[in-house]
Amino acid sequence: MAIIDFRVQDVVRLRKPHPCGGWEWTVYRIGADIGLECRECRHRVMLTRPVAEKRLKTFVSRGPRVEDEADGAG
Ligand SMILES: [Zn+2]
């Protein structure tokens, strides 16, 4: 069972819509908890990682990959 690679700025769709009618959430914080902001009403929630993984239906778009080391090639 893979750990879901949440990234800041991911746009995700959950299994149930927010009461406001919005389906899409932007990931704004990664840590022990996953912070999600409703794209419809800007309401913010914090979910534990297991809960966030369980509610996730699909990624709408991905945030930038976090690079731990610069390769200096630029
Ligand atoms: Zn909402």
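**A friendly note on a predicted one-helix, five-strand chain**

1. Let us begin with the parts. The chain is built from five strands and one helix. Please keep in mind that this is a predicted model. Walking from the N terminus, you meet the elements in the order β-β-β-β-α-β. The helix is therefore followed by a strand, as that order shows.

2. Now look at the sheet. In what order do the five strands stand in the sheet? The order is β4-β3-β2-β1-β5, the sheet is open, and the pairing is antiparallel. At the edges you find β4 (44-48) and β5, and each has a single partner strand, so one side of each is left without a neighbour in the sheet. From one strand to the next, the twist averages 40 degrees.

3. Follow the β1 and β5 pair. Strand β1 covers residues 11-14, and it pairs with β5 in the antiparallel sense over four bridges. If you want one pair of residues to find on screen, take arginine 13, whose bridge partner in β5 is threonine 58. Are the residues of β5 buried or in the open? The number buried among its six residues is zero, so β5 lies largely in the open.

4. Next come β2 and β3. These two strands pair in the antiparallel sense over four bridges, and a hairpin joins them through three residues. To see the pairing for yourself, find tryptophan 25, which stands opposite cysteine 38 in β3.

5. On the other side of β3 is the pairing with β4. Five bridges join these two strands, which run antiparallel. Two pairs are good to look up: leucine 36 stands opposite valine 45 in β4, and glutamate 37 has arginine 44 in β4 as its bridge partner. β3 and β4 also form a hairpin, with five residues between them.

6. Stay with that hairpin for a moment. Arginine 42 lies in the loop between β3 and β4. This residue has a positive phi of about 70 degrees although it is not a glycine. Why does arginine 42 count as exposed? A residue with 12 or fewer other C-beta atoms within 10 Å is exposed, and arginine 42 has 10 C-beta neighbours inside that distance, so it falls in this class.

7. Strand β3 has a pattern that is worth tracing by eye. Its side chains alternate. Ile34, Leu36 and Cys38 point to one face and are buried, while Asp33, Gly35 and Glu37 point to the other face and are not buried.

8. This brings us to the core. In soluble globular proteins, nonpolar side chains tend to be buried together. Which residues make up the largest nonpolar core here? There are eight: Phe6, Val12, Trp25, Val27, Ile34, Leu36, Cys38 and Ala52. The elements that give two or more residues to this core are β2 (24-29) and β3 (33-38), and β3 gives the most, with three. For the whole chain of 74 residues, buried residues make up 12%.

9. Valine 12 is a handy place to see how parts of the chain come together. Apart from its neighbours within four places in sequence, valine 12 is in contact with Trp25, Val27, Leu56, Phe59 and Val60. For the chain overall, take the contacts between residues at least 6 apart in sequence: 38% of them join residues at least 24 apart.

10. Just past β1, have a look at lysine 16, in the loop between β1 and β2. Lysine 16 counts as exposed because it has 8 C-beta neighbours inside 10 Å. Its C-alpha atom is separated by 9.1 Å from that of leucine 56, although the two residues are 40 apart along the chain.

11. Finally, visit the segments outside the strands. Glutamine 9 is in the segment before β1, and it has a positive phi of about 80 degrees although it is not a glycine. Glutamine 9 counts as exposed, with 11 C-beta neighbours inside 10 Å. Proline 64 lies in the segment after β5 (56-61) and is also exposed, with 9 other C-beta atoms within 10 Å. Which residues does proline 64 contact, leaving aside its neighbours within four places in sequence? They are Arg7 and Gln9. Proline 64 and arginine 7 are 57 residues apart in sequence, yet 7.1 Å apart in space, C-alpha to C-alpha.

Note on methods
Residues numbered from 1 in each chain as written. Buried ≥ 20, exposed ≤ 12 C-beta atoms within 10 Å, placed from the backbone. Contact = placed C-beta atoms within 7 Å. Pairing = 2+ DSSP bridges. Core = buried A, V, L, I, M, F, W, Y, C linked by C-beta atoms within 7 Å. Axes fitted to C-alpha atoms, helices over the stretch in contact; angles between N-to-C directions.
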